[in-house]
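Please work through the exercises below with the sequence and the model open side by side, and try each task before reading its solution.

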Amino acid sequence: MDKGEEDDDEEAWLQLRPVEPLPSQCCGSGCSPCVFDLYQRDLASWEAARASKDRSLLSGEETQSCPSKLSPETFLAFCISATDRLTKDTYLVRFALPGNSRLGLRPGQHLILRYTQCYQTGLMSQYVESWKAGDTAFWRGPFGGFFYKPNQYGELLMLAAGTGLAPMVPILQSITDNAEDETFITLVGCFKTFEGIYLKTFLREQARFWNVRTFFVLSQENSLEQLPWSYRDKTHFGRLGQDLIEELVGSCRRKPFALVCGSAEFTKDVAGYLLSAGLAEDSYFLF
């Protein structure tokens, strides 16, 4: 290769070099991965590819690809089409997708939300509460290390606290929507009160499927008589502890794989309970 060809090749590699994000592209909320984390990852891939002169090493991972315009690196605007308040602290927000495009999220994946204004209390929830139809929100993704495949597990034991129910919903629905998927599901939702349970209608409809069971754990209730009849035989009071975890694991119809989502304290505690109940570390996933 002569000098001119070397210069052209070097110029081509420089054009492929990842562009460092601007400080304004970071939301500053400590999310992981940050746009700068992704930049460092792509820069390392570029440097390895350049050293070996192999451009195929620059191709993105298949798990990050999706048929929509979503990008893990860049926040994209989505218009809010409707908002519904489900409970005093839970909202259902619907976003419009352009044309006939698809969001491209796999069951178990999630997006990261950006907001630049900081409230005095620093709570993102106040921002979400202010949303109304016609507003715009900025998201990037998809992210997530759990990718569900039909019939991958004999039974999924879903243990969710509060908004931790959210990632369970698309996984559950993907199973019941697929007549070929015969995975058993035991879903346990942990809430403070009966009124705090959201998506009641959806969960009730899902529990009608032959392979789905739902249970609830209420930490601030103590009277079955105050609950509707249909909830009395599947509701426990108090907190999700070791004894109940062992009972749930023992009642599973097939060897369970557990999915856990909630607060950091909830997730840590439940992971310990699962280990004590006999599940190995590769038999559960913590969102």
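The exercises that follow concern a predicted model, and they go from the whole chain to one helix and then to single residues.

**Exercise 1. The chain as a whole**

Determine how many helices and strands the protein chain has, and what share of its residues count as buried.

Solution. Counting the elements gives eight helices and ten strands in the protein chain. Turning to accessibility, 37% of the 287 residues count as buried. The protein chain exposes about 16,600 Å², of which carbon and sulfur atoms supply 51%. As a last step, consider the contacts between residues at least 6 apart in sequence: 70% of them join residues at least 24 apart.

**Exercise 2. Helix α8**

Check the span of helix α8 against 1.5 Å a residue, then work out how its buried residues are arranged around the axis.

Solution. Begin with the length: helix α8 covers residues 264-276, and its 13 residues should span 18 Å at 1.5 Å a residue, which agrees with the 19 Å between its end C-alpha atoms. Next, list the buried residues of α8, which are Phe266, Thr267, Val270, Ala271 and Leu274. Seen down the axis of α8, these buried residues fall within an arc of 130°, so they line one face of the helix. The spacing fits a general rule: an α-helix has 3.6 residues a turn, so residues three or four places apart point the same way.

Then look at the face of α8 turned away from the buried side, where the exposed residues Ala264, Glu265, Lys268 and Ser276 are found. The cover over the buried residues of α8 includes the strands β5 (155-161), β6 (184-191), β9 (256-261) and β10 (284-286), together with helix α7 (242-251). Finally, follow the chain just past α8, where Gly278 takes a positive phi of about 105°.

**Exercise 3. Thr90 and Ser125**

Decide for Thr90 and for Ser125 whether each counts as buried or partly exposed, and place both in their elements.

Solution. Thr90 lies in strand β2, residues 90-96. Buried means under 20% relative accessible area, and Thr90, at 9% relative accessibility, therefore counts as buried. The side chain of Thr90 is joined to that of Thr87 by a polar contact of 2.9 Å. Once neighbours within four places in sequence are left aside, Thr90 is in contact with Asp84, Arg85 and Tyr198.

Ser125 belongs to helix α3, residues 124-129, and because its relative accessibility is 40%, Ser125 counts as partly exposed. An unreviewed UniProt entry lists Ser125, along with Tyr115 and Met124, under "binding site".

Definitions and conventions. Residues are numbered from 1 along each chain as its sequence is written. This is a predicted model: local features need pLDDT of at least 70, side-chain atom pairs count only at pLDDT 80 or more; totals for chains, interfaces and linings use all residues. Side-chain values use heavy atoms; hydrogens and water are left out. Helices (H or I, at least four residues) and strands (E, at least two) are DSSP runs, numbered from the N terminus. The expected span of a helix is 1.5 Å times one less than its number of residues. Buried means under 20% relative accessible area, exposed over 50%, partly exposed in between (1.4 Å probe, protein chains only). The arc is that of the directions from the helix axis to the C-beta atoms. Contact means heavy atoms within 4.5 Å. A polar contact is a pair of N or O atoms within 3.5 Å; within protein, one must be able to donate a hydrogen and the other to accept it, and residues adjacent in sequence count only if both atoms are side-chain atoms. UniProt positions are given in the numbering used here, feature names are shortened, and annotations may be inferred rather than shown by experiment. Accessible areas come from the Shrake-Rupley method with a 1.4 Å probe; for residues, only the protein chains shown count as cover.
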